[in-house]
Amino acid sequence: MKKYFYTAMFALSLTVVGAQTTTPTPAPAVNSTDREAEFDRKWRFGLRVTPQPTWFSSTDKNNPPAGAAFGFGFGLNVERRLSQVAGILFGIGGDFEGAKYSFRNDGANQYTPVYFINNSSGEFVTPKDNGKGDGTELFNDKNTAYYLKERRVKTTHVTLPVILKLSTKEYSGMKYFVNFGTEIGIRVKHVANDSYLSSQTYSSNGLPLPAKENPESIENINLGNSEGSLAPLRIGLNVGGGFEYRLGGTTALFVSANYFRSFTNQMRNQSQVMFYNYTVENGTNSYQYVKQNYILQAIRINIGIMF
């Protein structure tokens, strides 16, 4: 037993001596390389908030854009690193946007945009065109005609970005990046606030009553599929750049500015309910409908945290 005991004590003493004489691992390997490895790990998740001015561009000179509106967004970011430089950024979010456009009113040249709203339901009345109606579906005591002046559109989209992100190495806790990609938006709300030059009501036999000049605007008119694009999808370009500042470990604050431009029309190419002129021939009405071409643009200021 003593033999085994002395042998064990001798082995233990060698272990202690070896531990005391072993050179410790250099601190920079923990303080620098490991932290950078954490900062650049393959999968990262984060949250963002996005204040954003938004506006329309259009090729339609009759009803041009009339200014920007202030929107807001939020979302979850997911980042997959492909290398020290490149990564794919995707996620899901909600964006609340808006923009304005005005209507040209030129009665002398037979251009006066108008639509009819049912007084009871508050919904648009669709004209019966191409020999299908005689105008009585519009001109009666159940409807009011509104001659348009300006419209402010408000939308809500569920957004799905897919973006290539190119980053620099870390310098004093900072990393800079640029990104380029696309974004798919699913429309879940599409309303408008409309202001009018005048409104017109009718008697039961379709005769016009005295017009009301400068009526109050109507808010939260549901555009839905009647005026909005038929497919509730929006595809656009998303490009920009920014920086990340490491707060500790894998946690980083990021700020970026991105330019967004939709590839798809916000509205139907031609309204189904709004017309600027109509003719009567052989007891039937034919309408000239308002053209609509509105492309959304935005400057998005993204502020968030990646973990």
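Reader: Which residues is His190 in contact with, leaving aside its neighbours within four places in sequence?
Author: His190 is in contact with Val153, Lys154, Thr155, Ile221, Asn222, Leu223, Gly224, Gly228, Gln266 and Met267. Contact here means heavy atoms within 4.5 Å. One thing to say early: this is a predicted model, where local features need pLDDT of at least 70, side-chain atom pairs count only at pLDDT 80 or more, and totals for chains, interfaces and linings use all residues. Residues are numbered from 1 along each chain as its sequence is written, and side-chain values use heavy atoms, with hydrogens and water left out.

Reader: Thanks! Where is His190 found, and is His190 buried or exposed?
Author: His190 is found in strand E6, residues 174–201. Helices (H or I, at least four residues) and strands (E, at least two) are DSSP runs, numbered from the N terminus. His190 is buried, at a relative accessible area of 3%. Buried means under 20% relative accessible area, exposed over 50%, and partly exposed in between, with a 1.4 Å probe and protein chains only.

Reader: Let's zoom out. How many helices and strands does the protein chain have?
Author: The chain has three helices and 13 strands. Of its 307 residues, 42% count as buried. Among the contacts with a separation of 6 or more, 75% come from residues 24 or more positions apart.

Reader: And what does the accessible surface come to?
Author: About 16,600 Å², with 60% of that belonging to carbon and sulfur atoms. Such areas come from the Shrake-Rupley method with a 1.4 Å probe, and for residues only the protein chains shown count as cover.

Reader: New topic: how many cavities of 30 Å³ or more are there?
Author: There are two cavities of 30 Å³ or more. On a 1 Å grid over the protein atoms alone, a cavity is a set of points where a 1.4 Å probe fits but cannot get out, and lining residues have an atom within 4 Å of a point. Grid points are joined across faces, edges and corners, and a volume is the space filled by probe spheres set on the points.

Reader: What is the volume of the largest cavity, and which residues lie nearest its centre?
Author: The largest cavity has a volume of about 270 Å³. Its lining has 22 residues, and Arg48, Asn77, Leu89, Ile163 and Asn302 lie nearest the centre. The lining divides into seven nonpolar, nine polar and six charged residues. For that split, Ala, Val, Leu, Ile, Met, Phe, Trp, Tyr, Cys and Pro count as nonpolar, Asp, Glu, Lys and Arg as charged, and the others, Gly among them, as polar.

Reader: What about the second largest cavity, which residues line that one?
Author: His157, Arg187, Ser229, Ala231, Pro232, Leu233, Arg234, Thr264, Asn265 and Gln266 line the second largest cavity. About 80 Å³ of space lies in it. By class, its lining has three nonpolar, five polar and two charged residues.

Reader: Nice. How many salt bridges are there?
Author: The count comes to 14 salt bridges, each being a side-chain nitrogen of Lys or Arg within 4 Å of a carboxyl oxygen of Asp or Glu. In one of them, Arg44 pairs with Glu244, and the closest N and O atoms are 3.1 Å apart. Arg44 lies in strand E1 and Glu244 in strand E9, so this pair ties together parts that are 200 residues apart in sequence.

Reader: Which other side chain meets Glu244 in a salt bridge?
Author: That would be Lys165, at 2.6 Å from N to O. This pair also links distant parts of the chain, with Glu244 in strand E9 and Lys165 in strand E5, 79 residues apart. Glu244 is buried at a relative accessible area of 2%, and Lys165 is buried at 5%.

Reader: And what does Glu183 pair with?
Author: Glu183 and Arg300 meet in a salt bridge, 2.5 Å from N to O. Glu183 lies in strand E6 and Arg300 in strand E13, so the pair ties together parts that are 117 residues apart in sequence. Salt bridges that share partners also join Arg44, Glu79, Arg81, Lys165 and Glu244 into one network.

Reader: Last one: what is phi of Asn220?
Author: Phi of Asn220 is near 55°, a positive value in a residue other than glycine. Most residues other than glycine have a negative phi. Asn220 sits in strand E8, residues 218–222, and counts as partly exposed at 47% relative accessibility.

Key:
1 Å grid on protein atoms, 1.4 Å probe; cavity = no way out; pocket = protein on both sides within 12 Å on 5 of 7 lines; lining within 4 Å.
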